[in-house]
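Trainee: I would like a close look at a single part of this protein, namely the place where its domains meet. Could you take me through that part slowly, and then set it beside a few other details of the chain?

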Amino acid sequence: MCDKRLCACEKKTMPGFMSPSDERVKALEQAYSEFAKIDSKSLLKKHLTQQVFDMLKCRLTNAGSTLMDVIQSGLKNPDSNVGLYAPDQHAYDVFAALFDPVIEEYHGDFTSTDVHPDLDWGEPEQLGDLDPEGRFVISTRIRCARSVNGYPLNPTMTEAHYRNLEAKVQQALSSLDGELKGTYYSLIAMDKETQQQLIDDHFLFKEGDRFLEAANANRFWPTGRGIFFNEAKAFLVWCNEEDHMRLISMEKGGNLSSVYSRLVKAVTEVGKKIQFSRHQRFGFLTFCPTNLGTTIRASVHARFPKLSEDYAKFEKIANMYNLQIRGTRGEHSESIGGVYDISNRRRLGLTEREVVSEMRNGVLEMIKHEKQLQG
């Protein structure tokens, strides 16, 4: 059970600290005991030692979240790569003894003393076109996530939170003009046929992810969820899927300047209407600790049929530029016709400009090798 002396000590050192009930602590201890017997390669399993568990089991965030809320997805899904989520923004500080080593390992030596740099978009026009001849790059896509100040993260949001936040996001998006001007579609009012078509077209998210479900991130579905897109479907916003907002810019071909410029403009304009959650160390805060800092995922779908035949060399180039190689349909999928999804691995500890430049330079290197192999 909770060591009352420990909790009393923590109350003095942590502003607003409260302790969960003995019943909740007992349930947490039982769940951890069972998890300890299970084989798992997750970062949760690696870093939630008995010592760390005993340190954190009596803690409660200012939104009422316990350690169970942080780790429950990993407990239910031992095949998770990471296995923990932040149920609210305060959790990153209250449960830092667990989050910090996981974040450090995942993001590549971002230590407990490191601080994420200030926002720096750079100059999008300097990025150019990755593949002006159109031989290799099929499409380019850049997205970032944002959480909104004043609202907890998904697992601790009420139905009223979802409704109010959706209205706030919809109002902000309605002010966009020019190429960003578009329409917001609320999921709760969307017919199933339209919804399925948007999913099939890879524009819309869908319910059912077991990791998010186990983390209590799918509550009150589809209330408060929706999608915004411009007429060209080159700019999209997802509302209350995994994060409060996912802003996405994409188009066919390899014109990285065009895609990135559109995203920068959109995030800047929306940011004038909505205040985003930002942590003093981790940059922009999101629900998943793998997606902090810039929160940017810059990617291309590109053909590398020759280079991928020597997969070790393919991976070596990717690793040189901190890139991730996925199959044609993303994570856990196979390549079809030598087409791969190539994206940045690092998001935290470097600027937005550096993230996108890293992806650019790595893809250009891959294209160079593919050209040489094709002769």
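Mentor: What follows is a walk through the meeting of the domains, and then through some other parts of the chain. Please keep in mind throughout that this is a predicted model.

The domain assignment divides the protein chain into domain 1, which covers residues 16-107, and domain 2, which covers residues 124-374. Between the C-alpha centres of these domains the distance is 27 Å, and the contact draws on 22 residues from domain 1 and 28 residues from domain 2. In general, the size of an interface is often given as the accessible area that is lost when the parts come together. Here domain 1 and domain 2 bury about 2,100 Å² between them, and 56% of that area is on carbon and sulfur atoms. If you look for the residues behind the share of domain 1, begin with Tyr85, Gln89 and His107, which supply 32% of the area that domain 1 buries against domain 2, more than any other three residues.

Polar pairs also join the domains, for there are 10 residue pairs in polar contact between domain 1 and domain 2, counting pairs in which both residues are at pLDDT 80 or more. On the side of domain 1 that touches domain 2, at least two residues come from each of the helices α5 (67-76), α6 (91-94) and α7 (96-106). The largest share of that side, 4 residues, is supplied by α7.

Salt bridges deserve a separate step, and in general side chains of opposite charge can pair when their charged atoms come close. Between domain 1 and domain 2 the count is 2 salt bridges. Asp100 and Arg281 form a salt bridge in which the closest N and O atoms are 3.6 Å apart. This pair links distant parts of the chain, since Asp100 lies in helix α7 while Arg281 lies in the loop between β6 (278-279) and β7 (283-284), 181 residues apart. As for their surroundings, both Asp100 and Arg281 are buried.

It helps to set this pair beside others, and the total count of salt bridges comes to 17. Arg24 and Asp69 meet through their side chains in a salt bridge, with 3.9 Å from N to O. Arg24 belongs to helix α2 (residues 22-35) and Asp69 to helix α5, so the pair ties together parts that are 45 residues apart in sequence. Arg24 counts as partly exposed, because its relative accessibility is 39%, and a residue must be under 20% to be called buried. A further salt bridge joins the side chains of Lys368 and Glu365, at 3.4 Å from N to O. These two residues are separated by about one helical turn, because they are 3 residues apart in helix α13 (residues 352-374). Lys368 is partly exposed, with a relative accessible area of 40%, whereas Glu365, at 18% relative accessibility, counts as buried. Salt bridges can also be linked, and Glu29, Asp54 and Lys57 are joined in a network of them.

Now turn to helix α9 (residues 192-200), whose buried residues are Gln195, Leu198 and Ile199. They lie on the same side of α9, because they cover an arc of only 100° around the axis. These buried residues pack against β3 (226-230). At the N-terminal end of α9, Asp191 acts as a cap, with a side-chain oxygen 3.1 Å from the backbone nitrogen of Glu193. After α9 comes His202, whose phi is positive, near 65°.

Two buried residues complete the picture. Thr294 has its place in the loop between β7 and β8, and it counts as buried at 0% relative accessibility. The side chain of Thr294 reaches the backbone oxygen of Arg347 at 2.9 Å. Beyond its neighbours within four places in sequence, Thr294 is in contact with residues that include His116, Cys144, Leu350 and Val355. Ser299, in turn, lies in strand β8 (residues 297-303) and is buried, with a relative accessible area of 5%. Residues up to four places away in sequence being left out, Ser299 touches several others, among them Ser139, Arg141, Asp341 and Met359.

Methods: Residues numbered from 1 in each chain as written. Predicted model: local features only at pLDDT ≥ 70, side-chain atom pairs only at ≥ 80, totals over all residues. Heavy atoms only, no water. Buried < 20%, exposed > 50% of the residue type's maximum accessible area, 1.4 Å probe, protein only. Arc of directions from axis to C-beta. Contact = heavy atoms within 4.5 Å. Polar contact = N/O pair within 3.5 Å; in protein donor to acceptor, adjacent residues only side chain to side chain. Domains from an automatic or database assignment. Buried area = accessible area lost by both parts, 1.4 Å probe. Salt bridge = Lys/Arg side-chain N within 4 Å of Asp/Glu carboxyl O.
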